[in-house]
Amino acid sequence: MISCNSLALRFSESSSENKFEVLDQTLLPHEEKWLVIESTEQMIEAIKMLRVRGAPLIGVAAALQVAQAALQGFTKTELLKKAQALYEARPTAVNLMNCIDRMKAVIETGADKNKILQTAVDIFNEDVQLCDRIATFGAELIQDGDQILTHCNTGGLATVGVGTALGVILKAHQQGKKIHVWVDETRPLLQGGRLTTWELQKHKIPYTLITDNMAAHLMSEGKISKAIVGSDRIAQNGDFANKIGTYSVAVNCKFHNIPFYVAAPFTTVDFNCVSGKHIPIEQRAASEVISTWAPKDSPVYNPSFDVTPATLTTGWIMDTGVFNHKNIEQGVFRK
Ligand code: MRU
């Protein structure tokens with residue numbers, strides 16, 4: 001029996017049963033509903049609708065779905081087609097492309113279903129370990145009494161491990177450091193307000209929820225000592241894409257002289273991308289911004305991510321250590 005379980009997905013394979021379920025994150029925090037995944041189309045829908053979301057999680061979930069399709073007996077050509085469709089489900093998080101490239105590579109060799117499954121399981125296990133290492137390195141930067149601002153959701157719901165930025169926060173809390181987390185609600189889909197709060201409550205970590213436009217005010221009052229965020233794609237020069245609103249957090253930190261860190265595994269680095277200018281930014285539906293309260297026909301611009309330039313970033317907390325500007329210039333994110 002092989003099983004891969006995390007806060008956001010459950011996958012099991014045995015001679016008697018194959019089961020794949022994902023937690024529908026659009027319903028959190030009020031409802032914990034698990035969706036059964038039986039096809040590539042279902043997984044693509046779940047990724048596009050953000051039922052399954054967060055850069056590392058969508059990569060791992062897509063890889064497991066390719067493995068599920070292999071177990072269902074699809075041919076090599078069919079599997080490659082399905083893998084490509086998953087690859088294209090969302091454009092910004094390079095983890096999705098990196099994981100699918102690994103799945104395609106093993107399928108291309110003509111590997112049997114067990115080998116394909118093992119590749120997806122390896123990807124799952126690696127993400128757990130990457131998160132643990134990020135948390136360990138990042139927690140060293142956290143001091144007793146820190147007031148930490150975070151944006152979006154970067155925890156167990158966004159990865160299959162303890163998370164990236166939120167994993168750092170969790171580790172520091174487990175080390176007994178007295179910290180307080182300021183949670184940006186993260187307009188328009190409220191990953192901070194709905195998901196990060198849900199995770200922090202589970203871990204009993206003290207937090208306060210704020211709307212995104214409050215952070216600068218808090219900084220001016222000296223209420224924030226550090227900001228830590230995740231990433232969907234890091235370019236060679238250290239620029240990185242993350243949830244829309246991250247760039248303003250970084251600008252505000254710079255103005256107030258507050259350290260601003262990004263935490264991510266090396267699976268989030270795009271070694272082919274020279275700078276943030278080349279990162280594709282997902283545009284999403286107007287309805288997400290209009291919600292229930294704006295005129296239904298309002299013109300809307302809804303980029304899901306923005307790019308924070310390396311110049312605004314204090315440090316890159318990766319699974320192999322914490323990097324500074326000099327390390328980036330020396331080429332840690334270059335091939
Ligand atoms: O649109 P989402 O919810 O998938 O966006 C997620 C983020 O922007 C996260 O900060 C990022 O994926 C890092 S998660 C460890």
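## Ligand, spaces and backbone exceptions

**Exercise 1.** State how far a polar side-chain atom of Lys 243 lies from an oxygen atom of the ligand, and then describe the surroundings of the ligand.

*Solution.* A polar side-chain atom of Lys 243 is placed 2.8 Å from a ligand oxygen atom, where a polar contact is a pair of N or O atoms within 3.5 Å. The model is predicted, with local features requiring pLDDT of at least 70 and side-chain atom pairs counting only at pLDDT 80 or more, while totals for chains, interfaces and linings use all residues. Residues are numbered from 1 along each chain as its sequence is written, and side-chain values use heavy atoms, with hydrogens and water left out.

Next, a polar side-chain atom of Arg 53 lies 2.5 Å from an oxygen atom of the ligand, and for Gln 191 the corresponding distance is 2.9 Å. The ligand taken alone exposes 410 Å², of which the protein buries 100% (Shrake-Rupley areas, 1.4 Å probe). Finally, 18 residues surround the ligand, and those that come nearest are Arg 53, Ala 55, Arg 90, Asn 242 and Lys 243 (a heavy atom within 4 Å).

**Exercise 2.** Describe the largest cavity by its volume, its lining and the domains that supply that lining.

*Solution.* A cavity is a set of points on a 1 Å grid, over the protein atoms alone, where a 1.4 Å probe fits but cannot get out, whereas a pocket is an open set with protein on both sides within 12 Å along at least five of seven lines; lining residues have an atom within 4 Å of a point. The structure holds three cavities of 30 Å³ or more, and the largest cavity contains about 200 Å³ of space. Its lining comprises 23 residues, among which Arg 53, Gly 54, Ala 55, Asn 153 and Asp 232 are closest to the centre. Helix 2 (55-71) and strand 10 (240-243) are the elements that each give two or more residues to this lining. By class, the lining has nine nonpolar, 10 polar and four charged residues, and at least three residues come from each of domain 1 (2-131) and domain 2 (136-329).

**Exercise 3.** Describe the largest pocket in the same manner, beginning with its volume.

*Solution.* The largest pocket holds about 170 Å³ of space, and its lining includes Met 49, Arg 51, Leu 189 and Glu 288. By class, four nonpolar, two polar and four charged residues line this pocket, with at least three residues drawn from each of domain 1 (2-131) and domain 2 (136-329).

**Exercise 4.** Locate the cis peptide bonds at Pro 29 and Pro 188, and the positive phi of Cys 152.

*Solution.* Most residues other than glycine have a negative phi, and most peptide bonds are trans. Leu 28 and Pro 29 are joined by a cis peptide bond with omega of about 10°, and Pro 29 sits in the loop between strand 3 (18-23) and strand 4 (34-36). The peptide bond from Arg 187 to Pro 188 is also cis, its omega being near 0°, and Pro 188 belongs to the loop between strand 6 (180-184) and helix 7 (191-202). Cys 152, although not a glycine, has a positive phi of about 65°, and is found in the loop between strand 5 (147-150) and helix 6 (165-174).

Key:
Grid points are joined across faces, edges and corners, and a volume is the space filled by probe spheres set on the points. Ala, Val, Leu, Ile, Met, Phe, Trp, Tyr, Cys and Pro count as nonpolar, Asp, Glu, Lys and Arg as charged, and the others, Gly among them, as polar. Domain bounds come from an automatic or database domain assignment. Helices (H or I, at least four residues) and strands (E, at least two) are DSSP runs, numbered from the N terminus. A polar contact is a pair of N or O atoms within 3.5 Å; within protein, one must be able to donate a hydrogen and the other to accept it, and residues adjacent in sequence count only if both atoms are side-chain atoms.
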